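I sat down with a fresh notebook page and a structure to browse. Here is what I looked up, in the order I looked it up.

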Amino acid sequence: MRSLPYFCRGQVIRGFGRGSKDLGIPTANFPESVVDNLPADISTGIYYGWARVNNGDIHKMVMSIGWNPYYKNTKKSMETHVIQAFKEDFYGKVLSVALVGYIRPERGFKSLDELIAAIHSDIEEAEAKLDLPEHLKLKEHHFFKTSMSTTASQILNGHRL
Ligand code: ADP
Ligand code: MG
């Protein structure tokens, strides 16, 4: 995928309310404007990368891009699970992400347990891959240094550096 690493940011919106948080794997949703800006070569599937909420620390993340076959969604989404425990929700805050690498295509699951196991294995893979020097150095990328306002009018949706 030529577009990787891909950098984008947007305000976190409410998702489909299907209780990912109850599974211990909350996923922060990007607005449609960010999803619509994805380059054509970024195919659906599971990605790993870096994420930052507002001007906070940069954490590892896994992101699902796609149609979420398990839930038979009809809408494309970009859902980021930040590999970090947060004390509070961050709806409305600005999420900045660097998509660094691809893990696997989307697929359906026979059970919720199978889905959860797959996500845990994705998280493990993300954790390991992001420790590689060439991926660690992306935390220092100019994109994350941008002094960022949290007012919606100054958000760069789908910003590509
Ligand atoms: P929704 O359907 O609204 O996306 P989720 O159950 O998937 O609901 O929870 C996602 C929300 O949880 C995020 O929008 C964010 O505000 C909050 N959240 C808390 N911790 C995390 C985390 N580690 N990664 C992603 N989102 C988190
Ligand atoms: Mg979600």
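The entries below go from the ligand to its pocket and then to two spots in the backbone.

**Entry 1: what I am looking at.** I note at the top of the page that this is a predicted model.

**Entry 2: the neighbours of the ligand.** Which residues come nearest to ligand 1? I found 19 residues around ligand 1, and G15, V82, Q84, F90 and Y91 come nearest. I then sorted that shell by class and got 8 nonpolar, 8 polar and 3 charged residues.

**Entry 3: polar atoms facing the ligand.** I checked the backbone next. At G15, a backbone N or O atom lies 2.8 Å from an oxygen atom of ligand 1. K21 also has a polar backbone atom in reach, 2.9 Å from an oxygen atom of ligand 1. For V82 the partner is a nitrogen atom of ligand 1, which lies 2.8 Å from a backbone N or O atom of that residue. I also looked up how much of the ligand is covered: ligand 1 has 560 Å² of accessible area on its own, and the protein covers 94% of it.

**Entry 4: strands around the ligand.** Which strands supply at least two residues of the shell? I wrote down β2 (28-29) and β5 (77-82). β5 gives the most to the shell around ligand 1, with 3 residues.

**Entry 5: the pocket.** Where does the ligand sit among the pockets? The space that ligand 1 takes is the largest pocket. I have its volume down as about 480 Å³. Its lining has 25 residues, and K21, P26, T27, A28 and Y91 lie nearest the centre of the pocket. Two elements, β2 and β5, give two or more residues to this lining. β5 gives the most here, with 4 residues. By class, I listed 10 nonpolar, 9 polar and 6 charged residues in the lining.

**Entry 6: names that come up twice.** Y91 is on my list of residues that come nearest to ligand 1, and Y91 is also among those nearest the centre of the largest pocket. K21 lies nearest that centre as well, along with others, and has a polar backbone atom 2.9 Å from a ligand oxygen.

**Entry 7: a cis peptide.** I turned to the backbone away from my ligand notes. L4 and P5 are joined by a cis peptide bond, with omega about -5°. P5 belongs to the segment before β1 (6-11).

**Entry 8: a positive phi.** Which residue other than glycine has a positive phi? I noted N54, with phi near 50°. N54 is placed in the loop between β3 (45-53) and β4 (58-66).

Methods. Residues numbered from 1 in each chain as written. Chains lettered and ligands numbered in written order. Predicted model: local features only at pLDDT ≥ 70, side-chain atom pairs only at ≥ 80, totals over all residues. Heavy atoms only, no water. Near = heavy atom within 4 Å. Polar contact = N/O pair within 3.5 Å; in protein donor to acceptor, adjacent residues only side chain to side chain. Areas by Shrake-Rupley, 256 points an atom, 1.4 Å probe, with all protein chains shown as cover. 1 Å grid on protein atoms, 1.4 Å probe; cavity = no way out; pocket = protein on both sides within 12 Å on 5 of 7 lines; lining within 4 Å. Sits in = over half its atoms within 2 Å of the grid points. Nonpolar A, V, L, I, M, F, W, Y, C, P; charged D, E, K, R; others polar. Points joined across faces, edges and corners; volume = space filled by probe spheres on them.
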